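The following exercises concern confidence, domain division and chain contacts. Each task is followed by a worked solution.

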Amino acid sequence: MVKVRSALVAVVILCAAWVAQAQEKFITVASTTSTEQSGLFGHILPIFEAQTGIDVRIVALGTGQALDLARRGDADVVFVHAKAAEEKFLAEGEGVRRFPVMYNDFVLIGPKGDPAKVAGSKDILAALKAIQGAQAPFVSRGDKSGTHMAELELWKASGIELDKVKGPWYRDTGQGMGPALNTASSMNAYVLADRGTWLAFKNRGELAILVEGDKRLFNQYGVMLVNPAKHPSVKKDLGLTFVDWLVSSAGQQAIASYKIGSDQLFFPNATQPGV
Amino acid sequence: MRAPLTLLPLALASVDYATATRRIIRGVSTRIDAGPRTVILGPNGAGKSVLLRLCHGLLAPTSGAITWNAEELPGMPRRQAMVFQRPVMLRRSALGNVMYALRHAGIPGYERRQRAMAALARVGLEAHAGSPARVLSGGEQQRLALARVWVLRPEILFLDEPTASLDPGATQEIENIIGALHAAGTKIVMVTHNLGQARRMSDEILFLYGGRLIERAPTDRFLRQPASPEAGRFLEAQMPW
Amino acid sequence: MNAIADGAWQAYGLVASGDTRLVGIVLLSLQVSLTAAVFGCVIGLPLGATIAVTRFPFRRGVIVVLNALMGLPSVVVGLLVYLLLSRAGPLGSWGILFTPTAMVIAQTILITPTIAALSQQLVADAWQEYREQLRSLGESRLGAAMTLLVDLRFSLVTVMLAGFGRAASEVGAVMIVGGNIDGVTRVMTTSIALETSKGDLPLALALGIILLTIVLALNAGAFVIKEAAQRRFG
C-alpha cells in the first residue's frame, strides 16, 4: 500500500515538474564540449537570460554529434566550430543561415620534455611532421568534433597520410577535449587543443603550450538556427532571439568579457567578413 | 430453498499416482463419507501422505478419478482444510495469520478480526494474538494452524502427522482441538504412525501398504483382529513387546 | 592519495557552505533515481513474483533473459531511449528528451530487470516452502505471488536497494537522454563526469564522496528500519 501511494506521489511531482518545464521559455542549443568546458556559457548565458527571460539549455557534444542531433530535430540552434561541416549542414537544408560569432585558436600542447623538439615553433605543419617523424605519442580526439576535424586537416596539409603512418604513437581516444587532455597528461603526449579548454583545464601535469600563433590554427565558431521548415518542433522565435543576440553588440561584448585570470578566451568577430 | 450440496462423500476410483521413477499409489478405490473419524495407517513409504494430498487436491492422479459430491467455487473460502506436520506461517502476527484464512469470506474487517480472535481463544492462544507467528513454539504454531482451520469451519480436515514433531503435552492439546472440530461437524481424515493416537482419534482405519488400500475396518476390529497378513505384520512391528 | 584528501576537504567545504547548485544537483539526483526505483519496484516485484509461481511456455528462457538483462549496459539503455524519444523517433512528439522525465524512464528500464530477476529468485525459493500451505488455503497462483511478496518484504528491501543503487550510480543513460544540461538535467554522476573531463579532479572526487555518503546514509536508514520491523514481525 505504501509503495502504491509513494508511486502516485512521485508521478504527481514529476508531472508538476514536467508541466512547469513545459511552460518555461527555453531553447535547446547543441554546442560543443570545448565551448562548454571553457566556461563560456556559464558566463554569457545568465546575461542573455536576464535580458530576455529565455532559458538556454546547452547540450554539449562534439561538433559532428551536435550537428547530427540537430539533423534529428532535437535542437533548436547549433553553435559549433567546423566551417566545412556547418556549410554541409546548410547545404542539406538543415540550417537556415550561418552567422560567424567568435574565434579562438588551437594550440599544440605537449610534454615539457618535448621529444619531438617543436617548442617555440610558429609552424604547425612542420611541428606535426616532427612529431610523426619522432613517433612521439600523440593523442587525437577521434570523435568528429571541430577540433578533431581541424587536426585531420592539418595532418593532410602537412603532407602526411595518417592511415599509412598510424602506429602505436597515434592514440585515437574517441573522447571530448577534457578527457583527451587528461589522457595526454597521463601519457605525456602531444595533443591539439583549443585555447579555451586548455586555459580552463586544471589537470595539466607536465603539459604546456608548445606551438601557437600559426594562422592555420585559427578556429572560427558559427551559429545557425535549425530549419523549422524541416523540423516543425524548432522554436523559431526564441531561437532567432538567441542567434541575433550572439551577433549583436551586447552578445559580442559578453563574449569578449569572459576571461580566466587575465586571459581572454574567445574573440568576437561577427562583423568580420569572410569567416 | 435447497440446502447447498455438501462436499462429501468423496469418491476415489482406481486412483493411480506415479512419478517418473515409480508408482506410489496403485489402484485405490474407496469412498470417504461424512461422520466417522478416519485414520490412514501404514508403514513408511506406503504412500499415506501422497494419498492425503491427492484427496485434498494438492496432487493430481496420473489415472483414475477423485470426485467430490460438490464443486468448490474459486474465490470462496475453502470448505476443505489441511494441517501439515510442520505448520507454515506467514510473517505476520498470530491474529494476522488466522485472518488471512478469511480473506475470501466476504465479511468486513471488523468481523474478520472478531472471528479470528474467537478461533484463537478456542485453541488457547488469545494471549499471543499480537505476537509474530514465527516466534511461537512448535506446539503453539500447530495450534495456530488449527485456529486457522477452525475459523473456516470446513466440512473436511486432512491432517498429515500433525503431532509427529511435538512433545506429549502439546500432542494432547492438539488432539483435544481436533476432537472439538469433529464434535462441531468437521470430518477428520488423519495420517499417523502412532497406534495409540490412532486408537484414540479414529473410528475407522484405512490401511495402506505399497500404495494399495489393503484393508478398511472400524478401529477396534482392525487393531484387535486385522484381516490381512500385511496389517498383521505391521501391527506386530509397532508393538514394543 | 593527496587528491583524495583534497577531495574530502572540498566535499566538506561544499556541504558546509550549502552551495545552492550542489543542493539542486543532489535533489535532482535523488528525485530521478528514487522515482525510477519506485517505478522499477512497482513493475519488477510483481513481475518477478509472478514468473516465480506460474507456469507458461518458455518460462525458463524468460528467466535466463531476465537474469542476463541485469547486466544491461547503461549506455545501451540510454541510446535506445534516446532513439525512442528523439524528435526523429516514434515518441518524439512527446517532447520529453533532455528532461528529468526521460532520465526517469531510462533508469526505470535499466533497473526493472534487476529487481524482477532478484525477486523472481527469492520468491521461487520461498515458493518451495509455502506452496502446499497456500494452495491448501485456496490461494490462486497470482494471489500467492502477492502474498509472498509481502511475506518476503525484509529480503526484498535489499532487492529494492540494489535497484536504487544501480540507478543512482549510473551515468551512461542519464548523460545521453538528459544531455547533462546545467540546472535542468545535471545530476551527481554526470557532474562528476564533467568535472573529471575538465580536469578538476578534486572537485570530481568531492562530488563522488558526497554521492557515496548520501547513498550510504540511505542504505543505513533502510537497514535500521528493516531490523526494527523484523524484530516486530519475525
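Domain bounds are taken from an automatic or database domain assignment. Residues are numbered from 1 along each chain as its sequence is written, while chains are lettered from A and ligands numbered from 1 in the order in which they are written. This is a predicted model, in which local features need pLDDT of at least 70, side-chain atom pairs count only at pLDDT 80 or more, and totals for chains, interfaces and linings use all residues.

**Exercise 1.** State how chain A is divided into domains, and describe the contact between them.

*Solution.* Begin with the bounds: domain 1 of chain A covers 2-104 + 220-268, and domain 2 covers 105-217. Next, take the centres over C-alpha atoms; they are separated by 28 Å. Contact (C-beta atoms, placed from the backbone, within 7 Å) then involves 20 residues of domain 1 and 16 residues of domain 2.

**Exercise 2.** Determine how many residues of chain C are in contact with chain A, and which element supplies the largest share.

*Solution.* First, count both sides: 25 residues of chain C meet 28 residues of chain A. Second, identify the elements (DSSP runs numbered from the N terminus: helices, H or I, of at least four residues; strands, E, of at least two): α2 (20-53) and α5 (100-136) of chain C each supply at least two residues. Third, rank them: α2(C) gives the largest share, 5 residues.

**Exercise 3.** Assess the confidence of chain C.

*Solution.* On pLDDT (the predictor's confidence in each residue, from 0 to 100), chain C has a mean of 92, with 99% of its residues at 70 or more. Among its elements, helix α1 (residues 2-17) has the lowest mean, 83, and helix α3 (residues 59-69) the highest, 97.

Conventions: Two residues are in contact if their C-beta atoms, placed from the backbone, lie within 7 Å.
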